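Could you walk me through the strand pairings and the charged side chains of this protein? A short report with headings would suit me well.

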Amino acid sequence: MTMKVRSFKAEDQQAVKKLITSILDQEFQLERKAYSDTDLNMISETYSGSRNTFLVGEVNQKIIGTVAIKEDDRETALLRRLFIDPAHRGKQYGSQLVDEALTFCRKQGYKKVVFRGSASMSAALALGRKKGFAEVERLPFGPVEMIHLVLQL
């Protein structure tokens, strides 16, 4: 099965929020408590503007993955909300979403991309490292350890 990557549409709001929150609830309970998910209530507004994007991956017209880019400053983008439905993992869909996000970053002229994840988000962190992100620090954040990765473009 191939995955189609496209920009988020307002009508995706409920499906995207359900996908992400169900993964957080099932796999990352501590992280769910540690940081805000208010962006999931206002995806269109949070990721609006020419230097931000929220992408979804679809298989058979069903959203099975997400990734977002948020401007941190003129030269730095934040890679956020990288999630793949558990039933669709191991098929390179995460890799495809990250590639699309990084292509967007290059087109926008970003010089670096920052990705933060908790130590328990091992698959996402491993994917980041595979894509060339380097670990720059580890920080305690409430009950979780956050790992800060950076990719120079």
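What follows is a friendly tour of a predicted model, starting with the strands and moving on to charged residues.

## Strands β2, β3 and β4

Let us begin with β3, which covers residues 62-73 and pairs with β2, residues 53-59, in the antiparallel sense. Seven bridges hold this pairing on record. If you would like a place to look, find Phe 54, whose bridge partner in β3 is Ala 68. The hairpin of β2 and β3 has two residues between the strands, and there Asn 60 adopts a positive phi near 55 degrees.

Strand β3 also pairs with β4, residues 76-84, again in the antiparallel sense and over seven bridges. Here Gly 65 has Ile 84 as its bridge partner in β4. The connection from β3 to β4 is a hairpin, with two residues joining the strands.

## Asp 85, a buried acid

Past β4 comes a loop that leads to α4 (93-107), and Asp 85 lies in this loop. What is the nearest side chain of opposite charge to Asp 85? It is Lys 62, at 4.2 Å. Because a salt bridge requires the nitrogen and the carboxyl oxygen to be within 4 Å, this pair does not count as one, and Asp 85 is buried with no salt bridge.

The side chain of Asp 85 does have a polar partner in the backbone, reaching the nitrogen of Ala 87 at 2.9 Å. Setting aside residues up to four places away in sequence, Asp 85 touches Leu 19, Ile 23, Lys 62 and Ile 64.

## Lys 112 in strand β5

Next, have a look at Lys 112, which is found in β5, residues 112-118. Is this lysine buried, exposed or partly exposed? Lys 112 counts as partly exposed because its relative accessibility is 30%.

Beyond its neighbours within four places in sequence, Lys 112 is in contact with Glu 75, Thr 76 and Ala 77, and also with Val 150, Leu 151, Gln 152 and Leu 153. Another useful distance is the one to Phe 133: the two residues are 21 apart in sequence, and their C-alpha atoms are 9.7 Å apart.

## Salt bridges

How many salt bridges does the model contain? The count comes to ten. One of them joins Arg 6 and Asp 12, with 2.7 Å between the closest N and O atoms. Arg 6 counts as buried because its relative accessibility is 11%, and Asp 12 is likewise classed as buried, at 5%.

Arg 89 and Glu 27 form another salt bridge, with the closest N and O atoms 3.0 Å apart. This pair links distant parts of the chain: Arg 89 sits in the loop between β4 and α4, while Glu 27 belongs to helix α1, residues 13-27, and 62 residues separate them. Arg 89 is partly exposed, with a relative accessible area of 36%, and Glu 27 is partly exposed too, at 31%.

## A shared network

Finally, the side chains of Arg 138 and Glu 135 meet in a salt bridge at 2.7 Å, N to O. Which residues belong to the network around this pair? Salt bridges with shared partners join Arg 129, Glu 135, Arg 138 and Glu 145 into one network. Within it, Arg 138 is partly exposed with a relative accessible area of 40%, and Glu 135 is also partly exposed, at 35%.

Key. Residues numbered from 1 in each chain as written. Predicted model: local features only at pLDDT ≥ 70, side-chain atom pairs only at ≥ 80, totals over all residues. Heavy atoms only, no water. Pairing = 2+ DSSP bridges. Helix = DSSP H or I, 4+ residues; strand = E, 2+ residues; numbered from the N terminus. Buried < 20%, exposed > 50% of the residue type's maximum accessible area, 1.4 Å probe, protein only. Lys, Arg positive; Asp, Glu negative; His and termini not counted. Polar contact = N/O pair within 3.5 Å; in protein donor to acceptor, adjacent residues only side chain to side chain. Contact = heavy atoms within 4.5 Å.
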